[in-house]
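Good morning, colleagues. Please bring the sequence and the model up on your screens, and I shall take you through selected residues and then the ligand site.

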Amino acid sequence: MKILMVCLGNICRSPLAEGILEQKAGEAGLSWEIDSAGTNGYHIGEAPHRLSQKVAGLHGIDISQQRARAFTAVDFDRYDRIYAMAEDVIAGMRRIAGRKFDARKTGLILDESNPGSHLDVPDPWYGPESGYREVFDLLDRACTAIVEKYGGRDLSVS
Ligand code: 4NP
């Protein structure tokens, strides 16, 4: 399985999603390839936000080595599943990918933990640490659901 997590800046939400899923997949013995990207280019090359790093660290997850990169159309060739943190992120992915946009590979990540809810992961960018903690808890549940759903099969050869 190759899974890409996508948000706007690739510094707050999707780096947490990448780190959480990497930890859970590793614990489950799955050799998944997991990455993250952003639909706006404002923070390319930057490490995750210090509060994302802090909240991940409180759960024993080190995301300090991640660096923000831009989402590209080619990501639809490279990944089996692409999880957007919010509806506005999917709009950005459509704009960037053009004809390469693949709705079958794309989903809102919280639809994994709350099927059919179409909920956004709230953007913690302007707020306090509590917002990052809330994001962590939402993504933790979603990543558990992803491992349960796909842990037994390998989409890349199906
Ligand atoms: P993220 O949060 O999409 O979760 O990484 C944001 C970070 C930066 C900006 C927006 C959202 N920004 O506009 O700079």
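I begin with Thr106, which is buried, as its relative accessible area is 12% and the cut-off for buried is under 20%. Please bear in mind throughout that this is a predicted model. Thr106 belongs to strand β4, which covers residues 106-108. What does the side chain of Thr106 reach? At 2.9 Å it reaches the backbone oxygen of Asp102.

Let us turn to Glu129. This residue is found in helix α6, made up of residues 129-150. Is Glu129 buried or exposed? Its relative accessibility is 17%, so Glu129 counts as buried. The side chain of Glu129 is joined to that of Lys54 by a polar contact of 2.8 Å. Glu129 is thus a buried residue whose side chain has a polar partner in Lys54.

The third residue is Ala97, in helix α4, which spans residues 87-97. With a relative accessibility of 8%, Ala97 also counts as buried. Ala97 and Trp125 stand 28 residues apart along the chain, and 25 Å separates their C-alpha atoms.

Trp125 brings us to the ligand, since we meet this residue again among those that surround the ligand. The surrounding residues include a run at Cys7, Leu8, Gly9, Asn10, Ile11, Cys12 and Arg13. Further along the sequence, Asn40, Tyr42 and His43 take part, as do Asp123 and Trp125. How is this shell divided by class? It has six nonpolar, four polar and two charged residues.

Which residues place a polar atom beside an oxygen atom of the ligand? I shall name three. For Leu8, a backbone N or O atom lies 2.9 Å from a ligand oxygen atom. For Cys12, a backbone N or O atom likewise lies 2.9 Å from an oxygen atom of the ligand. His43 contributes through its side chain, where a polar atom lies 2.8 Å from an oxygen atom of the ligand. How much of the ligand does the protein bury? The ligand taken alone exposes 350 Å², and the protein buries 91% of that. As for its location, the space that the ligand takes is the largest pocket.

To close, I would ask you to keep two items in view. One is the buried Glu129, with its side-chain contact to Lys54. The other is the ligand in the largest pocket, with Leu8, Cys12 and His43 at its oxygen atoms. Thank you for your attention.

Key
Residues numbered from 1 in each chain as written. Predicted model: local features only at pLDDT ≥ 70, side-chain atom pairs only at ≥ 80, totals over all residues. Heavy atoms only, no water. Near = heavy atom within 4 Å. Polar contact = N/O pair within 3.5 Å; in protein donor to acceptor, adjacent residues only side chain to side chain. Areas by Shrake-Rupley, 256 points an atom, 1.4 Å probe, with all protein chains shown as cover. 1 Å grid on protein atoms, 1.4 Å probe; cavity = no way out; pocket = protein on both sides within 12 Å on 5 of 7 lines; lining within 4 Å. Sits in = over half its atoms within 2 Å of the grid points. Nonpolar A, V, L, I, M, F, W, Y, C, P; charged D, E, K, R; others polar. Helix = DSSP H or I, 4+ residues; strand = E, 2+ residues; numbered from the N terminus. Buried < 20%, exposed > 50% of the residue type's maximum accessible area, 1.4 Å probe, protein only.
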